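Subject: A structure to look at, with notes

Dear colleague,

I am passing on a structure that I would like you to look at, and my notes on it follow below. Please keep the structure open beside you as you read.

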Amino acid sequence: LWSMVLGSAFFLFLSQVLIYLAIGNIPAGIAITIFFIYPIVTVLGSWILFGARPSTVGMLAMCGITAGLILAGWPSFTAPATGGGNVGVGVTAALGSGITFAGYVLLTQMAAGKLHPIPFSLVNFAAIFVFSALSLCVPLSDNFAPNIDQNVWPGLIIGGVILGVLTLFSYLLNNFAIRFAGAALASVIGTLGPAMTGLLGFVIINEKLQPLAIFGMAVVTLSVAAMSVERILAPQKKAG
């Protein structure tokens with residue numbers, strides 16, 4: 001049980017590091033859209049680990065997500081990255097973040113039936129704090145080592161605290177969802193993630209997206225929504 005708890009914490013820590021790395025190199029909306037590969041990995045993992053074979057609709061939706069990810073990410077390779085970011089690093093980091101997040105979701109489902117979501121979340125975040133502290137001791141290259149201007153420390157601390165509190169509540173609610181709805185349903189229910197991130201990125205930091213990327217985000221959102229609706233309706237069909 002401890003191995004599953006600490007393993008899920010490590011995957012969540014790694015997923016967070018990679019998504020921040022991705023957002024630093026490619027637009028936030030594109031990064032979150034690519035991150036949404038995790039429903040595919042989660043559903044396939046549930047099939048392997050729990051025998052939950054995806055339906056035909058689920059298979060078609062996964063194909064739609066894959067096509068949408070390609071469409072959303074393609075403009076990043078054809079245009080210079082904003083702020084001089086590395087597109088290859090950004091896309092790879094976003095994919096890695098989605099895959100490691102799926103590992104977190106699956107390990108959480110395996111442990112959720114034996115632990116209450118609140119202590120489970122607190123242990124998760126305590127472990128992430130330790131992993132974060134240890135990561136600062138690891139020697140890194142100039143491209144990855146933190147280099148922080150002294151003038152931005154107050155804003156960084158305040159923003160970090162706010163982000164930490166919001167993230168804690170977000171994953172606490174996610175753990176409740178996994179406990180009561182299962183990993184596959186919890187992983188596909190957040191269908192508005194890419195669209196909301198793209199919208200807020202435009203409103204807050206004026207991050208503009210090309211039409212093809214917006215279309216790809218819409219394809220991903222609709223495909224994930226189809227998976228969500230299909231999994232909600234499946235138990236009703238069996239009961240009927």
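A good place to begin is with the aromatic side chains, since the model, which is a predicted one, holds 10 aromatic pairs. One of these pairs is made by Phe-10 and Phe-131, whose ring centres lie 5.4 Å apart and whose planes stand at 80°, and because an angle over 60 degrees counts as edge-to-face, this pair is edge-to-face. Phe-10 belongs to helix α1 whereas Phe-131 belongs to helix α6, so the pair ties together parts that are 121 residues apart in sequence. Are these two rings covered or open to the surroundings? Phe-10 has a relative accessibility of 38% and counts as partly exposed, and Phe-131, with a relative accessible area of 22%, is partly exposed as well. Elsewhere in the chain, Phe-35, Phe-36, Tyr-38, Phe-101 and Tyr-104 form one aromatic cluster.

It may help to step back to the chain as a whole, which has 10 helices and 0 strands. Of its 240 residues, 41% count as buried. Helix α2, which covers residues 28–35, is mostly covered, with 8 of its 8 residues buried; among them are Ala-28, Ile-30, Thr-33 and Phe-35, and the last of these, Phe-35, is also a member of the aromatic cluster.

The next feature to find is the largest pocket, which holds about 1600 Å³ of space. Its lining is made up of 34 residues, and Val-17, Tyr-20, Ser-132, Ser-135 and Leu-136 are the ones that lie nearest its centre. The elements that give two or more residues to this lining are α1 (2–23), α6 (117–135) and α7 (153–181). Which of the elements gives the most to the lining of the largest pocket? That is α7, with 11 residues. When the lining is divided by residue type, 26 of the residues are nonpolar, 8 are polar and none is charged.

Two cysteines are also worth a look, although the structure holds 0 disulfides. Cys-63 has a relative accessible area of 52% and is exposed, because the cut-off for that word is over 50%. Cys-137 counts as exposed too, at 64% relative accessibility.

Towards the end of the chain, you will find Lys-208 in the loop between α9 (193–205) and α10 (211–239). Lys-208 is exposed, with a relative accessible area of 61%. Its C-alpha atom is separated by 8.2 Å from that of Pro-27, even though Lys-208 and Pro-27 are 181 residues apart along the chain.

Finally, a word on how far to trust what you see. The mean pLDDT of the protein chain is 79, and 85% of its residues reach 70 or more. Confidence is highest in α1, at a mean of 89, and lowest in helix α8 (residues 183–188), at a mean of 62. Where pLDDT is low, the predicted coordinates should not be read in detail, and I would ask you to keep that in mind as you go through the model.

With best wishes

Note on methods: Residues are numbered from 1 along each chain as its sequence is written. Side-chain values use heavy atoms; hydrogens and water are left out. On a 1 Å grid over the protein atoms alone, a cavity is a set of points where a 1.4 Å probe fits but cannot get out, and a pocket is an open set with protein on both sides within 12 Å along at least five of seven lines; lining residues have an atom within 4 Å of a point. Grid points are joined across faces, edges and corners, and a volume is the space filled by probe spheres set on the points. Helices (H or I, at least four residues) and strands (E, at least two) are DSSP runs, numbered from the N terminus. Ala, Val, Leu, Ile, Met, Phe, Trp, Tyr, Cys and Pro count as nonpolar, Asp, Glu, Lys and Arg as charged, and the others, Gly among them, as polar. A disulfide is a pair of cysteine sulfur atoms within 2.5 Å. Buried means under 20% relative accessible area, exposed over 50%, partly exposed in between (1.4 Å probe, protein chains only). pLDDT is the predictor's confidence in each residue, from 0 to 100. Rings of Phe, Tyr and Trp (its six-membered ring) pair if their centres lie within 6.5 Å; planes under 30 degrees apart count as stacked, over 60 as edge-to-face and the rest as tilted.
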